[in-house]
Amino acid sequence: MISQFNPGRFVAAGRELSFPAVMGVVNTTPDSFSDGGTLYQSTGLDLDKAFDRCAKMVEQGATILDIGGESTRPGSNPVSVDRELDRVIPLVERISKTLDVAISLDTSTAKVMTEGANVGAHIINDVRALRREGALDAAARTELAVCLMHMQGEPKTMQTQPEYRDVVAEVNGFLNERIAACMSAGIAKSRLWIDPGFGFGKTLAHNIELMRNIAYFCNGGHPVLVGVSRKSMIGALTGKDVVERMAGGLALATFALMQGAHIIRSHDVSETVDAVKVITALKGE
Ligand code: 9MG
């Protein structure tokens with residue numbers, strides 16, 4: 001397959017990124033599955049604490065920060081648009097004014113996309129691949145890069161009984177359909193990233209099958225984001241609790257990088273940056 005972009009470099013809303021890149025996870029939700037509530041005080045989100053977390057990740061080598069205000073953990077419920085805006089926009093604005101980093105909006109909500117773009121975001125990371133009402137048009141009206149992720153079902157019920165005939169073919173078919181929908185709405189192909197969505201409506205066997213075939217996605221002409229940090233597939237393979245899954249996550253990230261993954265989404269930035277440096281040197285890139 002012919003690559004549609006220079007695999008080492010990418011421009012997102014005017015900001016140049018070099019790949020492989022580490023995307024640091026910043027959840028501003030009180031119920032995030034791995035770091036839920038640590039950025040909260042009795043009156044709500046502690047903006048200073050959230051910003052300090054961001055600054056530390058940048059210091060550790062993250063070149064992208066993924067800011068989320070609506071949990072997507074299995075079993076979670078949607079939040080109101082106003083609550084999501086309150087959690088995300090002030091933080092994005094502050095990062096944009098003070099830190100040298102690309103800002104990704106972890107959102108499915110049209111208004112968050114529009115307002116986030118207005119205060120300096122560069123990327124929309126949508127686990128619903130722009131299927132929520134108004135999202136496709138809102139994204140098209142920005143210049144932001146868009147990460148299209150595959151998810152079977154919705155977070156509330158997605159892990160109840162995920163089923164596929166051929167998980168790789170079905171995920172690939174879905175992503176191609178969403179790429180076509182984006183292009184029809186006026187989003188240039190060069191703005192689009194893809195992500196098979198590890199843990200989103202998938203059993204352990206589905207996740208393993210997707211990871212074994214990650215090179216197939218990486219050769220498809222779009223940057224590929226891999227998000228496995230602290231996820232339940234690591235727990236299933238190692239028996240470890242959420243906070244003890246870093247080594248398993250690094251093993252998966254390393255495998256993905258070896259096969260050509262472009263962006264690794266991680267809670268453990270410093271260690272993931274080290275893995276990227278080692279693999280990049282070994283690959284001679
Ligand atoms: C928000 N979020 C949580 N997990 C994710 C993953 O695996 N990929 C992407 N793109 N976003 C994610």
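Trainee: Is the crossing of α9 and α10 left-handed or right-handed?

Mentor: In this predicted model, helix α9 covers residues 246–258 and helix α10 covers residues 269–283. Their axes lie 10 Å apart. The crossing of α9 and α10 is right-handed.

Trainee: Are α9 and α10 roughly parallel or roughly antiparallel to each other?

Mentor: The two helices, α9 and α10, pack at an angle of about 30°. Angles under 35 degrees count as roughly parallel. The relation of α9 to α10 is therefore roughly parallel.

Trainee: At what angle do the axes of helix α2 and helix α3 cross?

Mentor: Helix α2 spans residues 81–98, and helix α3 spans residues 110–118. α2 passes α3 in a right-handed crossing. Their axes come within 10 Å, and the crossing angle is roughly 20°. That angle makes α2 and α3 roughly parallel, the value asked for being roughly 20°.

Trainee: Which strands each supply at least two residues of the shell around the ligand?

Mentor: The residues around the ligand include Cys 147, Met 149, Leu 225 and Gly 227. One strand runs over 145–149 and another over 225–227. The strands asked for are β9 and β11.

Trainee: How many charged residues does the shell around the ligand have?

Mentor: Among the residues around the ligand are Asp 106, Asp 195, Lys 231 and Arg 265. Asp, Lys and Arg count as charged. By class, the shell has five nonpolar and three polar residues, and its charged residues number four.

Trainee: What percentage of the area that the ligand exposes when taken alone does the protein bury?

Mentor: A polar side-chain atom of Asp 195 is placed 2.5 Å from a nitrogen atom of the ligand, and one of Arg 265 is 3.4 Å from a ligand nitrogen atom. A polar backbone atom of Gly 227 lies 3.1 Å from an oxygen atom of the ligand. Taken alone, the ligand exposes 300 Å², and the share of this buried by the protein is 96%.

Trainee: Which residue does a cis peptide bond join to Phe 19?

Mentor: The omega of this bond is about 0°. The partner of Phe 19 lies in the loop between β2 (15–18) and β3 (21–27). That partner is Pro 20.

Trainee: Which residue has a positive phi although it is not a glycine?

Mentor: The residue is found in the loop between β8 (123–126) and α4 (135–140). Its phi is about 55°. The residue is Ala 129.

Notes. Residues are numbered from 1 along each chain as its sequence is written. This is a predicted model: local features need pLDDT of at least 70, side-chain atom pairs count only at pLDDT 80 or more; totals for chains, interfaces and linings use all residues. Side-chain values use heavy atoms; hydrogens and water are left out. A residue is near a molecule or strand if one of its heavy atoms lies within 4 Å of it. A polar contact is a pair of N or O atoms within 3.5 Å; within protein, one must be able to donate a hydrogen and the other to accept it, and residues adjacent in sequence count only if both atoms are side-chain atoms. Accessible areas come from the Shrake-Rupley method with a 1.4 Å probe; for residues, only the protein chains shown count as cover. Helices (H or I, at least four residues) and strands (E, at least two) are DSSP runs, numbered from the N terminus. Axes are lines fitted to C-alpha atoms, for helices over the stretch in contact, and angles run from 0 to 180 degrees between N-to-C directions. Angles under 35 degrees count as roughly parallel, over 145 as roughly antiparallel, 65 to 115 as roughly perpendicular and the rest as oblique. A crossing is left-handed if the near helix is turned anticlockwise from the far one by less than a right angle, and right-handed if clockwise.
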